[in-house]
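Could you walk me through this structure? I'm new to it and would like a plain tour of the parts worth looking at.

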Amino acid sequence: MLFRRLLLLVPLLPLLVVAFYASPLFAQLTQFPIAPLTIVAASGPHRFTVELATTAAQMMQGLMFRRNLAPDAGMLFDYQAPSMASMWMKNTLIPLDMLFVDAAGHIVNIHERAVPGSLDPIAAAAAVRAVIELNGGTATRFGIRPGDRVVFPIFGNAP
């Protein structure tokens, strides 16, 4: 009897295997280099360790499938040249603050607490060199606002 039931599953086996390996658990996730970054706000300097997304594969993956992010961690998306960046939260499991940063290292605009899984576009208010993603609520917690300065080598302002 059990053998007959198992035989009924045989035609479904290829579909089950594909579904299993296509899951996020088996996605080929890209590795990211890390670097220190400082945001200088009215409340003082705030230091983070960011993962760097510079390749197309890294930028496409971003923080997708992450279940958590350390309080002082984030990701920097470097567009190499000023552009009208637009982000979304597809397959992103945690709320994020997105800081859009111009070529001089000044924050142009901030989108706070982006909704996990949302496909709504989140866009820069002007051309930006980079986008920084931090845990949702970080900008409010540290008083980070548009006009604040990001200290990092790509902005030409790192010591």
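In this predicted model, the largest pocket has a volume of about 200 Å³. Its lining is made up of 15 residues, and those closest to the centre of the pocket are Met 59, Met 60, Phe 77, Met 87 and Trp 88. As a bit of background, rolling a probe the size of a water molecule over the atoms is what shows where empty space is left.

So which elements each supply at least two residues of that lining? They are α3 (56–61), β3 (73–83) and β4 (86–87). The largest share comes from α3, which gives three residues. As for the kinds of residue you'll find in the lining of the largest pocket, nine are nonpolar, four are polar and two are charged.

Now for a couple of backbone oddities. Take a look at strand β3, where you'll find Gln 80. Gln 80 isn't a glycine, yet it has a positive phi of about 70 degrees. Is Gln 80 buried or exposed? Neither, quite: Gln 80 counts as partly exposed because its relative accessibility is 48%, and that label covers what falls between under 20% for buried and over 50% for exposed.

Further along, in the loop that runs between β4 and β5 (96–101), sits Asn 91. Here, too, phi is positive, at about 60 degrees, although Asn 91 is not a glycine. With a relative accessibility of 32%, Asn 91 also counts as partly exposed.

Notes: Residues numbered from 1 in each chain as written. Predicted model: local features only at pLDDT ≥ 70, side-chain atom pairs only at ≥ 80, totals over all residues. Heavy atoms only, no water. 1 Å grid on protein atoms, 1.4 Å probe; cavity = no way out; pocket = protein on both sides within 12 Å on 5 of 7 lines; lining within 4 Å. Points joined across faces, edges and corners; volume = space filled by probe spheres on them. Helix = DSSP H or I, 4+ residues; strand = E, 2+ residues; numbered from the N terminus. Nonpolar A, V, L, I, M, F, W, Y, C, P; charged D, E, K, R; others polar. Buried < 20%, exposed > 50% of the residue type's maximum accessible area, 1.4 Å probe, protein only.
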